[in-house]
Amino acid sequence: MAMRALWKGHLRLSLVTIAVRVYPATDVAGSIRFNQLHRQCQSRIVYKKWCPQCDREVGADEIVKGYAFERGQYVALEETDIKKVRPESTRIVQLQQVTSAAAIDPLLREDAYFLAPDGKPAAESFAVMRDALEGKAAIGTVAFHGRDRLVAVEPREAGMVMFTLRHEDDVRDIGGIPELDAVPAKARPQEIALAKRVLAEYEGEIDFSKFRDTYEDALRQMIDAKIAGEEVVAPKTEAPPRVVNLMDALRKSLDQVSRDRKKPAKAKPARSTRVTKFPARARKRASA
């Protein structure tokens, strides 16, 4: 099924303007979500908007936004007040600076969106911009979801990806963590060397498709069992071994890797697959 664009707009750098479509780059629709139920009758819990001062339920037309400028003191803002300062969505991604993609702190990255040309006339210009940005990121702004957003645009395969970015003021200083005061500024050279040998045994081209959300899988199996009226049995877990001496742990890790490599590969028995009794949206992720 083809993806649907969130909106159409323009990618602009100086006098260059390219018509683009913006698509969501991630999909969490298949994730398990829970509702709260009354244990006694299994009815879904509902929440009422209640004013403790007036001791009554209030409707949506009676509610305004409030900002706490002091403890227990609020300034009330009507929607008309907020609209006066809310940026109008011009649907223009205004690029203002270009930098190395590696220069962007990963902590600054938020949501990801795919960019594609809006129509065949824009396709050639789009390809030129994509290829010219190889290894780089174009930084700019866009009025998105009712506010100005800082964004980074980078090439990705046949298209481009746009990340919304946090501002640097939004990222906390790691130096504010008190436990880090006890961490040595530099570890012992012999421990670093041995740790690097262990890490080298695990290096290789990564395949993220091999990593699964085991908790989500276990939830689905448990829900299937509950639907079928089966007993849910918690799996046995082993406590991780206690590390007393780091050097000993590193040496034992190297020995274990060496032993594992010498073992002949065993054919894994075929596992029966249970049919998940979920709606179509949930099954989509389950079968991924």
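**Exercise 1. Classify the exposure of Cys51 and Cys54, and establish how many disulfides the structure holds.**

Step 1. Cys51 counts as partly exposed, at 21% relative accessibility; buried means under 20% relative accessible area, exposed over 50%, and partly exposed in between, with a 1.4 Å probe and protein chains only. Cys54 is likewise partly exposed, its relative accessible area being 47%.

Step 2. The model is predicted, so local features need pLDDT of at least 70 and side-chain atom pairs count only at pLDDT 80 or more, whereas totals for chains, interfaces and linings use all residues. Side-chain values use heavy atoms, with hydrogens and water left out, and residues are numbered from 1 along each chain as its sequence is written.

Step 3. A disulfide is a covalent bond between the sulfur atoms of two cysteines; the criterion applied here is a pair of cysteine sulfur atoms within 2.5 Å. The cysteine sulfur closest to that of Cys51 belongs to Cys54 and lies 3.8 Å away, which is too far for a bond. For Cys54, the closest cysteine sulfur is in turn that of Cys51.

Step 4. Searching the whole structure yields zero disulfides.

**Exercise 2. Describe the barrel, and state which strands helix α2 touches.**

Step 1. Seven strands form a closed barrel in the order β1-β2-β8-β11-β10-β9-β7, with mixed pairing. Strands (E, at least two residues) and helices (H or I, at least four) are DSSP runs numbered from the N terminus, and two strands pair if DSSP finds at least two bridges between them.

Step 2. From one strand to the next, the twist averages 40°. Axes are lines fitted to C-alpha atoms, for helices over the stretch in contact, and angles run from 0 to 180 degrees between N-to-C directions.

Step 3. Helix α2 (residues 120-132) packs on the sheet and touches β1 (7-13), β2, β8, β9 (136-144), β10 (147-156) and β11 (159-165); contact means heavy atoms within 4.5 Å. The direction of α2 makes about 85° with that of β2.

Step 4. Strands β2 (residues 16-24) and β8 (residues 109-117) run antiparallel and are joined by five bridges. Tyr23 stands opposite Phe114 in β8.

**Exercise 3. Determine how strand β9 is paired and why it is largely enclosed.**

Step 1. Strand β7 (residues 92-100) pairs with β9 in the antiparallel sense over six bridges. Gly140 in β9 is the bridge partner of Leu95.

Step 2. β9 and β10 also run antiparallel, joined by seven bridges, with Val142 opposite Arg149 in β10.

Step 3. These two strands, β9 and β10, form a hairpin with two residues between them. In the turn, His145 has a positive phi of about 55°.

Step 4. Strand β9 is largely enclosed by the rest of the structure because seven of its nine residues are buried.
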